[in-house]
Structure formats: C-alpha cells, structure tokens
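Biologist: Please take a close look at a single part of this model and describe its surroundings in one connected account.

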Amino acid sequence: MGESVTDKQLVERVQNGDKKAFDLLVLKYQQRIINLVSRFVYNPSDAEDIAQEAFIKAYRALPNFRGESAFYTWMYRIAVNTAKNYLAVKSRRPLESAHDIDDVEQIEGDHTLRHEETPEHLLLRDEIQETILNSIEALPEDLNLAITLREVEGLSYEDIAVAMDCPIGTVRSRIFRAREAIDKELKPLIEY
Amino acid sequence: MNEQKREQLSALVDDELTQEASSVIESLLEDDEAKETWARYHLIGDSLRGHLPGQIGNISANVSQAIASEPTILAPAKKSANRKSSNLMKPVMGFAIAASVAAVAIFNVQQANQISETGQIPETGQPVIAQSSIATDQPSFTTSIATPQLVNQETGQAQIYQAVNIDYRMNRYLVNYNEYRANKGVSGMPPHVRMVANEPQSNK
C-alpha cells in the first residue's frame, strides 16, 4: 500500500496538536480495523473495544511515528498486537477452528469464522452491501465504470482517464457523481 | 457543504487532491456533516473491497472522547530536519574537537609548568600522562618529572605534544642547571652554552 498524502497531512496535523484530525483517520479506517480485529475475537463488541483501544494506543504513539511506513500499515500492526495482547490476557484461543493466532492475520474477509455475530448485525451489514451494489448497478455506465475502476481496481484518476479516454477532470466528476448517487441510498441506513 | 466542496471531498477520499487538500481538510474538520460524508464515502470503498466487519460499528465518538483527556501531542522535529542541521554542524563540530584537543594540550602544558615551579606532580584529576625520568648531565642532580605526553593519542597530536615536551624539557634542564650553578655560587648563564640539542628517546 502506497503512502496516502491525505493520511500524511492528517498525521502531521495530529503531531502538531490537532486532535480533531485524528477523528478523520478513525472515521476512515475504523471498519477495516474492526474487520481485522474480528479475525481474532468472537464477539463483535470485543472487536470494537479492541479496535478502540488500538486507535487510542496509536494516538499516544503518534509522536514516534516518522512516516517510514504508511499510516495504515503502522496502525495494522498496533491493532494486531492489541488483539494478541487481549487474547493473551484472556488466555483463550481466538477461534474454535485450528487456525493459529498468526494464521488469522492472513485470512481476508472470511465471515464464516465469526460465530458470535448476531443475525441483526449481519442483516445490517448485508443490507448496506446490497444497497451499495444495487446503487452501482443502477448507475449510468460511465459512472459505474469510473467508480469500479477506482474502488475495486484501485486505479488512479490518471489511469482511469487513460482507460476511459477522457480528461482527468471528467474522471473526478464521474466518481463524485457515482458516490453521490450511492450515498443518497446509503445515508438512511447509517447513523454517525 | 456545496457541490463543489463535496466533489473536492470525494477527490480527497481518493487521495487525488493535491493543491487544495489542506484547505479541504481544514473545512472538513469544522463540519460534522462533511465528516459523516467522509466516513460514508470510505464505507462505500470498504464494502466494495470486502473490508466490512460483521458488525458495522462507529467507534469514532468513543475514541474522540478518550483522546480528549489525553495530553495534546507535540511531536519533536522530524529526523530529516535534524540530519540537515547535523550536516551543517559537521564543520563546527570539527572545530570544536580541534579546540578541545588544543585546550587539553594547554591544560597539560600549564600543569607541566606548575610542576616545574613546585617540583611536584599535582594529584588533581588530569589526563593520563606518561612519566619519564630525565637525568641531567650533573651526576648529583637527577629529577623525575612528568612529561606531558598523552597516551593513546593519534599520531599528529602526539607529534605536537612531543614538540611541546622537548621545549619543556630543555627549559627545565636550563632552569635546573642555573639553580645548581646558583647553589654553587656561580651566577649568570654559562657562556659556553651556545646550542642545546635533543635526541628523541626511543621507547623501551
């Protein structure tokens, strides 16, 4: 993962005493970190607590963060270590299956491993995912392609402009309009 | 938040905002609605990439509350800046080291002079010095003096010190000789002494 310029700016702001900037990093990465921690613990509430603790640890350690790795890479290690410490304290294995604690890190998006997720929780997540996918399917082709190339394929605006044979400004506009359309459907489901 | 700001926010999410990034972040920090949009835009990406957890949580409020009681971070200057300044300081450091060596040399010469005046070796804390005996050409006058030659110094510094040492020993020799002559009732400098030579002592 390449270094995000936005992350770098936010980190520098926090390092200069701007606590609010850290909120943006939490809002950006919280789902990924909770998802990561969920590979170690059964209970979604525990996963949230550990993720929360990991972010607080990261905030305290930020003065020592020199940007030699991407912020998320650094945050990832803190979250994994926090989860492992939690398990060590609790003296229990993270999963019923034979997965070793280190193997858990390698498992990506395997939702079948989480046994304590309630149907309500899964329903909300599935509803969100379905809403997003339906919104994308309903988009005009140029917007659909632009947002897919960006979010799924991870292409830069410049690369998308080449792929779609249009100016970068048009790419930016298409991606924005796609997000607006998806967000319009998503907003009623999510409360912050 | 108007449409232009939202489009900028979308570009910021993609890390594709370079020039206006700072001002957009600034306005984002002050606008709760914009923060929520920022979070949802990232949620869309997480969902499409399969990064959503089973339970969609929002821990930002709790984290924010927890760090509110934490001391404000003021990180030290970055290493790169330190490296720059250390590069600039290198010549100054060189002078400082040279000055320190010179100061040590002067200190030892002063101590050696003190020895010549008192005839005793001071016991105060001092650099390690090698002692050697110099026998005068008078059989009844043998004295042991501390020669200010530092042990384990680099060759150049040792040479400087040896030169200082020779001067010191010669001066000491002449002083002792004159004192001896005065004790014997002979005054003035010996008229036959025109030149004093020194041969370096070989280490045994």
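Modeller: The account below concerns one helix of chain A and the elements around it.

The model is predicted: local features need pLDDT of at least 70 and side-chain atom pairs count only at pLDDT 80 or more, while totals for chains, interfaces and linings use all residues. Residues are numbered from 1 along each chain as its sequence is written, with chains lettered from A and ligands numbered from 1 in the order in which they are written.

Helix α1 of chain A spans residues 5–15 (helices are DSSP runs of H or I, at least four residues; strands are runs of E, at least two; both are numbered from the N terminus). Its buried residues are A:T6, A:D7, A:L10, A:V11, A:R13, A:V14 and A:Q15 (buried: 20 or more other C-beta atoms, placed from the backbone, within 10 Å of the residue's own). These residues pack against α2 (19–37) and α4 (71–90) of chain A, and also against α1 (3–13) and α2 (21–29) of chain B (contact: C-beta atoms, placed from the backbone, within 7 Å). Just after α1(A), A:G17 takes a positive phi of about 100 degrees.

The two partners from chain B also meet each other. The axes of α1(B) and α2(B) come within 10 Å and cross at roughly 110 degrees (axes are lines fitted to C-alpha atoms over the stretch in contact, with angles from 0 to 180 degrees between N-to-C directions). The two helices are therefore roughly perpendicular, a term for angles of 65 to 115 degrees. On α1(B), B:K5, B:Q8, B:L9 and B:L12 meet B:A21, B:V24, B:S27 and B:L28 of α2(B). Chain B as a whole has six helices and two strands, in the order α-α-α-α-α-β-β-α.

Technical notes: Buried ≥ 20, exposed ≤ 12 C-beta atoms within 10 Å, placed from the backbone. Contact = placed C-beta atoms within 7 Å. Parallel < 35°, antiparallel > 145°, perpendicular 65-115°, else oblique.
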